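Got your viewer open? Load the model shown here and follow along, one selection at a time.

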Amino acid sequence: MKKELGITLLLLGLCVVTTVLNPKFLSPTNLINTANLIGLYGVFSLGAGLVIITGGVDLSVGSMCALTGVLLTLGVSEWQLAWPIVIVAVLLMAASLGAAHGWLVTKAKLQPFIVTLCGLLIYRGVARYIAGDRTTGFSGAKGIELLRNLAAGRWFRMTTTPEPGVTKEWFPGLPAPFVILIILAVLLWFVLHRSVYGRYLFAVGRNEQAARFSGINTRLVVGSAYVIAAVLTGGSGILIAFYTNSIVPSNHGNFYELYGIAAAVLGGCSLSGGEGSVIGIVIGTALLLVLQNLVNLLGIDSSLNFAVMGAVVLVGVLVDQFFQRRRSRRQVRGE
């Protein structure tokens, strides 16, 4: 809980600083847009964090989002398929790719870095080939209002009509992706922190060999983590496709893996595995998006976004290493 408390205080401090520097930060429009992005990015960050807890890493998040988006737009708008069929097919494809990652890592004994780096290149190339390297979108698609509402709508909005033709808004509502993120986070929290499967995940991440000797099917546990992460990435890719409304296969989803890894590390997930929390990942995602919002509000060149993010991740890793060494020294001294 110390890590979660620390990053929460850091997030609150950053919000205060951003508000002082530019009061527009607290405007309803800005808060809703920021919360919407937190929801969209947070879903795949949860998956990235789950893989990191097992001691792995997933570098294919951005390319999988691109492939998901291309298949979704083509299936709905050009192939004229019913959207439920397309959604199910895309999620099954994502789950299959996650299972392939898990098999290559656990059975073929390849490094997660290599497996998912190859995925990054392959999925991007396939997305560009399928789309003919052209921009795809939802023009001509019908009956997808529900999906658009999931990606960019506002829930729990409260309005009144004091007189005909006049609408007064009492509460602007919550962005749908943010609500979806909270629901998924609650579900994953129970899985990770209140179930036997969650204990297995942490045990495998801390010491896979010891976990195997204690009777845990480590291959199944690690492989399932990659499958869950891929499904979350696929779901996030669907929401992001409807949010952006068009997919450019060559650059859609670029560096999303960086956002996922950064959010997980900032949220307390150790890159050496065995540590992390769902609450921390959500707060880490919020911290990254508020940082990005700060850069935009201050009029800083957007090209510095990644520089700021990289610096923050570096600091997060250094702090993580510091606490790990401190804990190791205490264990050696028997404290």
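**Stop 1: a charged patch**

Select Lys107, Lys109, Arg212 and Arg219: together they make up a patch of positive charge on the surface. Keep in mind as you look around that this is a predicted model. Now zoom in on one member of the patch, Lys107, which sits in the loop between α4 (83–106) and α5 (112–130). Is Lys107 buried, exposed or partly exposed? Its relative accessibility is 46%, so Lys107 counts as partly exposed. The "partly" label covers anything between the buried cut-off, under 20%, and the exposed cut-off, over 50%.

**Stop 2: a nonpolar patch**

Next, select Trp79, Leu81, Ile122, Val126, Tyr129 and Ile130. This group is a nonpolar patch on the surface, and its members have about 630 Å² of accessible area together. Click on Leu81 and you'll land in the loop between α3 and α4. Leu81 has a relative accessible area of 43%, so it is partly exposed.

**Stop 3: the salt bridges**

How many salt bridges does the model have? The count comes to two, and you can visit both.

Start with Arg134 and Glu78, and show their side chains. They meet in a salt bridge, with 3.0 Å from N to O. This pair ties together distant parts of the chain, 56 residues apart: Arg134 is in the loop between α5 and β1 (136–137), while Glu78 is in helix α3 (residues 61–78). Turn on the surface and check each partner. Arg134 is partly exposed because its relative accessible area is 37%, and Glu78 is partly exposed too, because its value is 42%.

Now pick Arg128 and Asp133. They form the other salt bridge, and the closest N and O atoms are 2.8 Å apart. Arg128 has 34% relative accessibility, so it counts as partly exposed. Asp133, with a relative accessible area of 42%, is partly exposed as well.

**Stop 4: a buried residue**

For the last stop, hide the surface and select Asn36, which you'll find in helix α2 (residues 28–53). Why does Asn36 count as buried? Its relative accessibility is 5%, and buried means under 20%.

So what does Asn36 touch, once you leave out residues up to four places away in sequence? Add Ala151, Ala152, Pro175, Pro177 and Tyr243 to your selection, and you'll have its contacts on screen.

Methods:
Residues numbered from 1 in each chain as written. Predicted model: local features only at pLDDT ≥ 70, side-chain atom pairs only at ≥ 80, totals over all residues. Heavy atoms only, no water. Patch = residues over 30% accessible without salt bridge, like charges linked within 9 Å, V, L, I, M, F, W, Y side chains within 5 Å. Areas by Shrake-Rupley, 256 points an atom, 1.4 Å probe, with all protein chains shown as cover. Salt bridge = Lys/Arg side-chain N within 4 Å of Asp/Glu carboxyl O. Lys, Arg positive; Asp, Glu negative; His and termini not counted. Charge placed at Lys NZ, Arg CZ, Asp CG, Glu CD. Helix = DSSP H or I, 4+ residues; strand = E, 2+ residues; numbered from the N terminus. Buried < 20%, exposed > 50% of the residue type's maximum accessible area, 1.4 Å probe, protein only. Contact = heavy atoms within 4.5 Å.
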